[in-house]
Amino acid sequence: MHEVVTLQFGQQANYVGTHFWNTQESYFTYGSDEESPVDHDIHFRPGIGANGSETYTPRTLIYDLKGAFGTLRRENALYELQDDPTEISQQMWSGSTNVIRNEAIPQSAYQQHLDQGLPTPALDTPNVRFWSDYNRVFYNPRSIVQLHEFELNSALMPFESWTTGEDLFNNLDREHDLLDRDLRRFLEECDQMQGIQIMTRTDDAWGGFTAKYLERIRDDLGKASTWVFGLEEGGRRSRAKQMLQTANSAQSIYNIAQQASLYIPITSTPSQLPSYVTIDGTSKWHTAALQVLAIESLTLPTRLRSNQAGRTSFGDIENVLSNDGNRRIAALSMSLEDPTVHDVATNSADGQNGSNGHSNGSVAEDGEPSVDKLDIDLYPEVAGSSDRSSASSKSHVFSQLQSLRGKWLSTFEIDDTNFASRNRFSNAPKMERYQTSLLFPMLDSYPRIFAFSRPAYEKIAVRAALSTSTVVSHRVRRIEGLARSLVGIDEREALCDGLISICEEYEDGWDSDSEIDDDA
């Protein structure tokens, strides 16, 4: 079945994960409906509920801090906890007991209507207080892992420093062995695991937690495909916070990139957005919606049924991008269309799409595959650096993987591009494209952040691209320069030397000196 196990670490990751699982749930078909093109066994697991009925829940582990789960409880309509903490305490203590409970958080109107089977009210930023407020999926109780050592948004013990997350993992793992307690059961349920995908913040303490968790996974699973979607905060922050996040990002790049099969940094708020996108950068519900659109579209080919066109796997994507495992950091970008208004397969005479102005991206006149410039760039910028547009325009792309949802290209163009890319004697970028007719659904839990010409759009055509290019080296070099003054002397040499080694993998055979000098 080629299963994928998902790990979610922290608030932003769980906002993204909630959108992700809501989308997966929307692909289910029932009764006499046509079979879904998505193989649900890849991301969902069968089980037995409290009443003995069969259940089907996500293959995921959800980690978050105390107070971060909102109204979500481990017990739900499918599962009930077998042990009542009050009864356990009475069995262990013969004296009188006094149980103190925090006041329950009231359910959102959206969740109340879901539970009652009523039409759900429209969501907006003020009434989305937690990621559980718009969750549409039931989870197995073993998927919910609350870390009581830290509280969400605590001013007394902030969960912000990379070493804080590292220390938390070490302490918990020493006490419980987290892989055995939490992950092992999900791994053992897989017949032929395709890989593990991790959604996590990497510019705060969750970066340190993730790096140590990934180290344990590597020790246990060896060369299994492991993708890390490193979510980073964008937009304006105080200088002190920017510097702390830069130091955290430097540690994450150094420690995670050498262990993950692919490390994909993703900003919450790109510095430049096309006119048809409007997001509230202060709303995790909004920023996660933009991030998940790219993540879910990029990975869609890995969960299609075997009889579907455009199907691929984690391993095949890694082979396209990684240059024998030496380039593990990739940049994510995308472009969008309303397919009911614009025929995304039809381009104007100058080769530009009439709606968004991005290139068609088929094979160039010389027979080499051409590289697409998409209009939503999710690769993070370095805090305090100059405009990246000039560096991007000079960048050299080594390889690119595209996932197309909708009729962006003809079957002939797809095959022609992929064939040309496989010419091992060519100096052109290595490129693969996978196309499916399955569009991204605009659910009632998804914010209306796109302004296409037709307001009542229900689905979106997406062109997502994952690229390895000299832009990666440009950013890592800037972070390395800042890290020299931000990290302690004991770890500075190893960290900076490691970051420089990463940069060199994105400069090998490509003269980047002029690019770096111009942007310095």
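Start by selecting Gln24, Tyr27, Val38, Asp39, His40, Ile42, His43, Phe44 and Arg303, which together line the second largest cavity of this structure. The model is a predicted one, and the cavity that these residues enclose has a volume of about 40 Å³. If you colour the lining by residue class, you will find four nonpolar, three polar and two charged residues. How many cavities of 30 Å³ or more are there in the count? The count comes to three. As background to this stop and to the pocket that comes later, rolling a probe the size of a water molecule over the atoms shows where empty space is left.

Now zoom out and show the whole protein as a cartoon, where 14 helices and 14 strands can be traced. Of the 520 residues, 54% count as buried, and the accessible surface comes to about 23400 Å², with 46% of that area belonging to carbon and sulfur atoms. Among the contacts with a sequence separation of 6 or more, 79% are accounted for by residues 24 or more positions apart.

Next, select the residues that touch the most other members of the largest nonpolar core, namely Leu298, Leu332, Met334, Leu336, Tyr446 and Phe450, in a core that has 61 residues. To see where this core draws its members from, highlight H1, strand E7 (226-232), strand E8 (262-267), H8, helix H9 (314-321), strand E9 (331-337) and strand E14 (459-469), each of which gives two or more residues to it. Which element gives the most to this core? That is H8, with nine residues.

Stay in this region and centre the view on Leu332, then display its surroundings while hiding the neighbours within four places in sequence. The residues in contact with Leu332 are then Ile264, Ile266, Ala294, Ile295, Leu298, Ile376, Asp377, Leu378, Tyr379, Ala465 and Leu466. A second, separate core has 53 residues, and to find it you can select Val145, Tyr263, Ala331 and Val382, which are included in it.

From the cores, move to the second largest pocket, where about 770 Å³ of space lies. Its lining has 36 residues, and a convenient selection is Asn153, Arg201, Asp204, Lys241 and Lys284, which lie nearest the centre of the pocket. Divided by class, the lining has nine nonpolar, 15 polar and 12 charged residues. Helix H1 (11-26), strand E4 (60-66), helix H7 (239-257) and helix H8 (284-299) each supply at least two residues of this lining, and H7 gives the most, with four.

Keep Asn153 selected, since the backbone there deserves a look of its own. Asn153 is found in the loop between strand E5 (144-151) and helix H4 (162-176), and its phi is near 60°, a positive value in a residue other than glycine. Is Asn153 buried or exposed? With a relative accessibility of 72%, Asn153 counts as exposed, because the cut-off for that class is over 50%.

For another positive phi, go on to Asp177, which is not a glycine either and has a value of about 55°. Asp177 sits in the loop between H4 and helix H5 (178-188). Why does Asp177 count as partly exposed? Its relative accessibility is 25%, and this falls between the limits of 20% and 50%, so Asp177 is placed in the intermediate class.

The last stop is the loop between helix H2 (85-92) and helix H3 (109-116), where Pro106 is found and where Ile105 also lies. Select Ile105 and Gly70 together: they are 35 residues apart along the chain, while their C-alpha atoms are separated by 6.6 Å. Beyond the neighbours within four places in sequence, Ile105 is in contact with Gly70, Thr71, Arg73, Arg129 and Phe130, and with a relative accessible area of 30% Ile105 is partly exposed.

Then add Pro106 and Thr71, which are likewise 35 residues apart in sequence and have a C-alpha to C-alpha distance of 6.9 Å. Residues up to four places away in sequence being left out, Pro106 touches Thr71 and Arg129. Pro106 is exposed, with a relative accessible area of 55%.

Note on methods. Residues are numbered from 1 along each chain as its sequence is written. This is a predicted model: local features need pLDDT of at least 70, side-chain atom pairs count only at pLDDT 80 or more; totals for chains, interfaces and linings use all residues. Side-chain values use heavy atoms; hydrogens and water are left out. On a 1 Å grid over the protein atoms alone, a cavity is a set of points where a 1.4 Å probe fits but cannot get out, and a pocket is an open set with protein on both sides within 12 Å along at least five of seven lines; lining residues have an atom within 4 Å of a point. Grid points are joined across faces, edges and corners, and a volume is the space filled by probe spheres set on the points. Ala, Val, Leu, Ile, Met, Phe, Trp, Tyr, Cys and Pro count as nonpolar, Asp, Glu, Lys and Arg as charged, and the others, Gly among them, as polar. Buried means under 20% relative accessible area, exposed over 50%, partly exposed in between (1.4 Å probe, protein chains only). Contact means heavy atoms within 4.5 Å. A nonpolar core is a set of buried Ala, Val, Leu, Ile, Met, Phe, Trp, Tyr and Cys residues joined through side-chain atoms within 4.5 Å. Accessible areas come from the Shrake-Rupley method with a 1.4 Å probe; for residues, only the protein chains shown count as cover.
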